[in-house]
Each structure stands twice: as structure tokens, then as C-alpha cells.
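Trainee: I have a model open and want to learn how to read it. Can we go through some features one by one?

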Amino acid sequence: MSVAESIAVCREPQELFGRLASELQRVVRFERLGLLLYDAERQILHPHVLETTSMLLAPRPEVASKDSPTGWVIESQQPLIIPDTSAETRWPATMSSLAKQGVASFCVLPLTTARARIGALAFGRHELVTYTAEEVDFMGEVAKLVAVAVENATAFHEIAQLKNKLAQERLYLESEIRNENPFEDVIGDSPALRHALQQVEVVAGTDSTVLLLGETGTGKELLARAIHDRSSRRERTFVKINCAAIPSGLLESELFGHEKGAFTGAIAQKIGRFEVAHRGTLFLDEVGEIPLELQPKLLRVLQEQEFERIGSTRTTKVDVRLIAATNRDLNLMVEEHRFRDDLYYRLNVFPIRVPALRERVEDIPALVRYFVQKLARPMGRQVEVIPRETLETLQRYPWPGNVRELANLIERAMILSHGKTLEVPLDELKSRHAPVGNAHKEETTLRGAERAQILRALEQSKWVLGGPRGAAARLGIKRTTLQYKMRKLGIARAE
């Protein structure tokens, strides 16, 4: 009765496993105690060997349940007594392994409750022993108590994990509420933006991986949210992570989590972003910054939807829809062996190019009005007039920082505007870059000369990039290099 009371109070599997050896030693003869938990879905066993000398849990790698003594016990639901491991011929590999560990005889009993087959309990002896029928019956009763205790501890552990995951989701949701988006909805109606949004509509209803390509500040996260909001996962969590903002040594833990004690400083178990995003969407921003050594693990979770936390041998399955984004030329990085080609192909299932602001200049007036209206109330401003000359100047500027740069400029203009007219510090723009509308000045710069040369080659090849008569061959460069330069210089074929 005291054994039952002692193990019944355990609320964590590790706590229970650590207490079993010392408690059962009082009522059953053994030198080694093995607890094997059964994973029916994967047909494998998770062994835990409890050394009675140190009373410490020694976890072992998972093994297949088929064609093993424990598998036979779980399948038949009958106890198995092996009085001499050297004379047993049914499982030679298992017997040889036990003999090396000094186990001369053992008894295995099924751990079963009214709900499920939990696994098995194995008692090992260093000498040859034949258990009596009374001893086997008694150990069977002990096994029933252990089965219930394991089921309860596992249930409490799963509930604690679920609460932790929900807390993590809440933390992410509260963070998203606090950190407002640069703008609440997609602003603009230019052909380039409409084309990108049409692609969003096409892919949103699927679970396919999406790769958003575009310069910094173009609104890739906004399109990622639009895809999530239009998908069947919209009621679940949208989790984002900027791979460039996290040190490479910590990125694996952020993505996949870690177990307590997995490394120095791991004082508690941590759930990774993939687990938090289970049945939802994970947005990997700046995916081109993921270190090469971490890329195989990311590829595996994309292909198999499973991974292991750092410091764990237990496989975790997830159902996650991935959206990745980058401002890098991944194709060029693959050629330079800085990005795995198999991972690139897996991410590049459905690429969407997010247009730079200079490719959608007709959207600038609408964006300016939006930012003015958004900032007016919190700043206590009453701006009613935006000079036409100001808008024309803003439309001529190339916007290397894209929409983010425009938003910051308008915020600064609102601070400077004390009347009803928006006062934009246009001199700042002139000092940064010559107006793109002045063709003569642009052609006199190296950037302008390169742009003009590429445009001429494209016109001569009728916008064919590859092949012996393509623009790349005319320029004497690779097709991928030409594509990179076109994106960098904002060259796109007219609709």
C-alpha cells in the first residue's frame, strides 16, 4: 500500500521513473529495473533503465517493438519469464545484449490500463532465477499500479506541455497586438502590387510552402499574414521569427526548442517556434541567414514534419505551414555553396516577388495619405494639405528603404508640420540620391550606365534572358547574375 501511495503522487514521468527503483526494491527481488514505454503509432519502445545502485534514470535510444521480448509481452498481454538468458534462442540479439550487461535472468510484465497499452516493466537479476507463480501474480499486481501511475504522470505532463504551449501562443499573440504593423492593410492599386496579391489569392488556400522575394522594407511580412488570414489555418497561431536577428548559436533552440540541461544555461525546457506554430503558420523572415549547419534539420522538418528538441531523442511531429522570406539571391547563394540546393528547392515551391516601392510609384500618394491619417491623432496634428510638388518629388525618389523608409520620412514630416500643410524635408532626399526622373544624370552614374546597358541587351534579345542569343550571353554574364542585377536595379518587364 505504501508503494502505491508513494508512486501515485508523482506528477512528472521523470519524477516517477526516479522513484520506482527504490520503491519496488522493497517488494520485488531484482538488480536491474527496466521501464519500456510503447508508442503504438510508430511501433517503437522508449526504454528507461533504472540503476538501483545510484537510483538514477539512464535513458536509452528508442528501439523497434517488433521481434523483441517486450514486443511479445505487449502483443500477447502475458508475462514473460526467462530464467537463463544464455539458453534463450528466440531473441538472440536481445539476449546477447543483456548478457553483456550482466543480466542472467529476467521477467517482463505488461503495463496496461483500461485506456491503453502503456508498455512493459522488466525485472532483471544477475543470477539465474525462476520466479514462482505467486511471485509472478504479485509482480502483476505491482505492474497494474505502475501502469496507472505512468498513465497519470504522462497525462499530467501532457497537460503541463499544453498549458506551456498555450502560454507561448498567448505570449506571441500579445506581442503581435502590442507591435502594430507598419500599416493595417495593403495600400495601393498598381499593376505590380495587384500581380503579387493575385498570387497570394492563388496559393493561400493550399498548404504549400511560399517563398516571398523582395528587398528590405517592401512588406513581405504583410503578405505572409495575408496568406495566413486567407488559409484554412487562420484560426490558429501565426508565428514569426527573424533569422537574422537571432545569433546563429541560439537559432536552433529558437526553432526547435531544447530540453532542460541540454547545454549550459538551459535551466528549463523550452518549446520552439515550430511547436508553437503547430496547425498554424510559421513565417521565417530572412531565411537566407540560416547557417549551413542548421539547414539539414530545417529541410527535414519541411519534408517529414518532425524533429527532435536539442538534448532529446524523442521525435516530435508537427503540422506547420511554412512561409519564408528573403532579400538575398538564394539561387546565387546555392551556386556559391552558401545555401543548400535541396533546401532551396523545397522552399521555392511557390515564389512570390514583392515589388519594390520604385516599381509602384503610383501607390505613393495613397501611402502618404494613409500614414498622415494614421499619425495625425496620436501626434495631435491636423494636416489637410499635401502639396502636389511634394508628391511628385516623392515619386521621383528611388526609395532604397522602400515603404519602411517612406513611413519613417512621413513620421518625421508630421513632427515638423505645425500647420495644415504637410512639410516634408525634401532636401534630405536630394542629398541621398539624385531624382530617378532625370535621365541624363542617371546615365552619367555607374549605376545608371549599368542599368542602361542591361536594358539595351534585354531589348535586343526581346527580353530572353538565357540561351546563346539571350541577354546574359550578350552581356557576358551568367543568367542568375543577370537576374540578380535586374532585381537590384529595379528592372522588370512592363505588364
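Trainee: Which residue of β7 stands opposite Leu109?

Mentor: This is a predicted model, so keep that in mind throughout. Leu109 faces Leu121 in β7. Leu109 belongs to β6, residues 105-112. Strands β6 and β7 run antiparallel and are joined by eight bridges. Four residues lie between them, and the two form a hairpin.

Trainee: Which other strand pairs with β7, and in what sense?

Mentor: Strand β1, residues 32-39, pairs with β7 in the antiparallel sense. Six bridges hold that pairing. To find the register, look for Leu36, which stands opposite Ala120 in β7.

Trainee: How do I think about side chains along a strand?

Mentor: In a regular strand, side chains alternate between the two faces of the sheet. Burial is a separate question.

Trainee: How many residues of β7 are buried?

Mentor: Eight of its nine residues, 117-125, are buried, so β7 is largely enclosed by the rest of the structure. For the protein as a whole, buried residues make up 46% of the 495 residues.

Trainee: Let's move to the parallel sheet. What is the strand order?

Mentor: The order is β9-β12-β15-β8-β16, an open sheet of five strands with parallel pairing. Look for the edges next. β9 (238-242) and β16 (350-353) each have a single partner strand, so one side of each is left without a neighbour in the sheet. On average, neighbouring strands here are turned by 20° against each other, direction ignored.

Trainee: How many bridges link β8 and β16?

Mentor: Four bridges, in the parallel sense. β8 covers residues 210-213. Its Leu211 stands opposite Pro351 in β16.

Trainee: Which helix lies across β8, β15 and β16?

Mentor: That is α6, residues 191-204. It runs at about 155° to β16.

Trainee: Now helix pairs. What do I need to describe one?

Mentor: Two packed helices are described by the angle between their axes and the distance between the axes. Try α6 with α7, residues 220-229. Their axes come within 9 Å and cross at roughly 35°. The crossing is right-handed.

Trainee: Which residues of α6 and α7 meet?

Mentor: On the α6 side, Ala196, Leu197, Val200, Val203 and Ala204. On the α7 side, Leu223, Ala226 and Ile227.

Trainee: How many residues of α7 are buried?

Mentor: Eight of its 10, so the helix is mostly covered. The buried set includes Leu223, Ala226 and Ile227 from that contact. Lys220, Arg225 and His228 are also among the buried residues.

Trainee: What about α13 and α15? At what angle do they pack?

Mentor: About 45°, with the axes 10 Å apart. Helix α13 spans residues 364-379 and α15 spans 402-416. The two are therefore oblique to each other. This crossing is right-handed. The contact on α13 includes Leu367, Phe371, Leu375 and Met379. On α15, the residues in contact include Val403, Leu406, Ile410, Glu411 and Met414.

Trainee: Let's take single residues. Is Asp329 buried or exposed?

Mentor: Buried, because its relative accessibility is 8% and the cut-off for buried is under 20%. Asp329 sits in the loop between β15 (321-326) and α11 (330-335).

Trainee: Which groups does the side chain of Asp329 reach?

Mentor: One is the backbone nitrogen of Asn331, at 3.2 Å. Another is the side chain of Arg487, in a polar contact at 3.3 Å. Beyond residues up to four places away in sequence, Asp329 touches Thr480, Tyr484 and Arg487.

Trainee: And Pro400, is it buried or exposed?

Mentor: Exposed, because its relative accessibility is 53%. Pro400 is in the loop between α14 (388-396) and α15.

Trainee: How far is Pro400 from Thr216, in sequence and in space?

Mentor: They are 184 residues apart in sequence and 8.5 Å apart C-alpha to C-alpha. Setting aside neighbours within four places, Pro400 contacts Glu215, Thr216 and Glu405.

Trainee: What share of the protein's contacts with a separation of 6 or more joins residues 24 or more positions apart?

Mentor: That share is 65%. To finish the overview, the secondary structure comes to 20 helices and 16 strands.

How values were computed. Residues numbered from 1 in each chain as written. Predicted model: local features only at pLDDT ≥ 70, side-chain atom pairs only at ≥ 80, totals over all residues. Heavy atoms only, no water. Buried < 20%, exposed > 50% of the residue type's maximum accessible area, 1.4 Å probe, protein only. Polar contact = N/O pair within 3.5 Å; in protein donor to acceptor, adjacent residues only side chain to side chain. Contact = heavy atoms within 4.5 Å. Pairing = 2+ DSSP bridges. Axes fitted to C-alpha atoms, helices over the stretch in contact; angles between N-to-C directions. Parallel < 35°, antiparallel > 145°, perpendicular 65-115°, else oblique. Left-handed = near helix turned anticlockwise from the far one by under 90°.
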